[in-house]
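Got your viewer open? Let's take a short walk through this one, with something to select at each stop.

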Amino acid sequence: QKLACQIDQEAIESLERNYGNFFDVIRLKADLAGIYNAQVFRDKSFKDLLVFVFQSGLEQAFPEAVKLLQLILTIPATTVSVERLFSALKRIKSFTRNRMSNERLSSLALISIEKERFTQSLTANFYEKVMDIFAANKGRRLDFLYK
């Protein structure tokens with residue numbers, strides 16, 4: 001009776017409908033009951049809980065709960081990051097740049113999406129290093145002979 005109050009049956013049913021092939025729902029309910037009743041698991045975020053389970057060697061004791069935590073931490077809560085990705089790709093992959101290789105497109109998209117982290121990682125002499133590397137490369141211009 002106490003377990004039924006703690007576990008959201010509607011959430012379990014939704015999980016079973018959408019991810020039933022990946023979970024043993026009966027075992028999951030038992031894992032969640034063990035986690036809910038243990039004092040050491042209280043007041044932890046999903047990430048902290050998963051880290052604690054692995055550091056304590058409890059992943060074999062709660063295998064279905066571990067799968068659920070990994071699923072929760074993997075699926076984004078919103079679509080903002082996905083929308084940001086497509087917006088960045090739209091800016092990068094324009095009509096004039098359609099011949100760009102996938103590797104270059106991926107690199108430019110990553111820089112565009114993670115621009116805050118990228119700009120924080122720049123050192124004071126980053127631009128000088130880039131210019132030196134570029135200048136050291138072979139000349140890219142062709143010499144034309146004018147007659």
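**Stop one: two helices**

Keep in mind that this model is predicted. Select helix 2 (residues 9-19) and helix 3 (residues 25-37): they pack at an angle of about 145°, and their axes are 11 Å apart. The way helix 2 passes helix 3 is a right-handed crossing. Now show the side chains that make the contact: Gln9, Ile12, Leu15 and Glu16 on helix 2, with Val25, Leu28, Lys29 and Leu32 on helix 3. Colour them by class and you get five nonpolar, one polar and two charged residues.

**Stop two: zoom out**

Show the whole protein as a cartoon. How many helices and strands does the protein have? There are nine helices and zero strands. Switch on the surface: about 12400 Å² is accessible, and carbon and sulfur atoms hold 57% of that. Of the 147 residues, 18% are buried.

**Stop three: the rings**

Next, hunt for aromatic pairs; the structure holds three. Try tyrosine 19 and phenylalanine 22, a tilted pair with 6.5 Å centre to centre and 45° between the planes. Tyrosine 19 is partly exposed at 28% relative accessibility, while phenylalanine 22 counts as exposed at 54%.

Then select phenylalanine 41 and phenylalanine 52. Their ring centres are 5.7 Å apart and their planes sit at 85°, so this pair is edge-to-face. Phenylalanine 41 lies in the loop between helix 3 and helix 4 (46-55), and phenylalanine 52 is in helix 4, eleven residues apart. Is phenylalanine 41 buried or exposed? Its relative accessibility is 8%, so phenylalanine 41 counts as buried. Phenylalanine 52, at 24%, is partly exposed.

Finally, add Phe62: ring pairs link Phe41, Phe52 and Phe62 into a cluster.

Key
Residues are numbered from 1 along each chain as its sequence is written. This is a predicted model: local features need pLDDT of at least 70, side-chain atom pairs count only at pLDDT 80 or more; totals for chains, interfaces and linings use all residues. Side-chain values use heavy atoms; hydrogens and water are left out. Axes are lines fitted to C-alpha atoms, for helices over the stretch in contact, and angles run from 0 to 180 degrees between N-to-C directions. Helices (H or I, at least four residues) and strands (E, at least two) are DSSP runs, numbered from the N terminus. A crossing is left-handed if the near helix is turned anticlockwise from the far one by less than a right angle, and right-handed if clockwise. Contact means heavy atoms within 4.5 Å. Ala, Val, Leu, Ile, Met, Phe, Trp, Tyr, Cys and Pro count as nonpolar, Asp, Glu, Lys and Arg as charged, and the others, Gly among them, as polar. Buried means under 20% relative accessible area, exposed over 50%, partly exposed in between (1.4 Å probe, protein chains only). Accessible areas come from the Shrake-Rupley method with a 1.4 Å probe; for residues, only the protein chains shown count as cover. Rings of Phe, Tyr and Trp (its six-membered ring) pair if their centres lie within 6.5 Å; planes under 30 degrees apart count as stacked, over 60 as edge-to-face and the rest as tilted.
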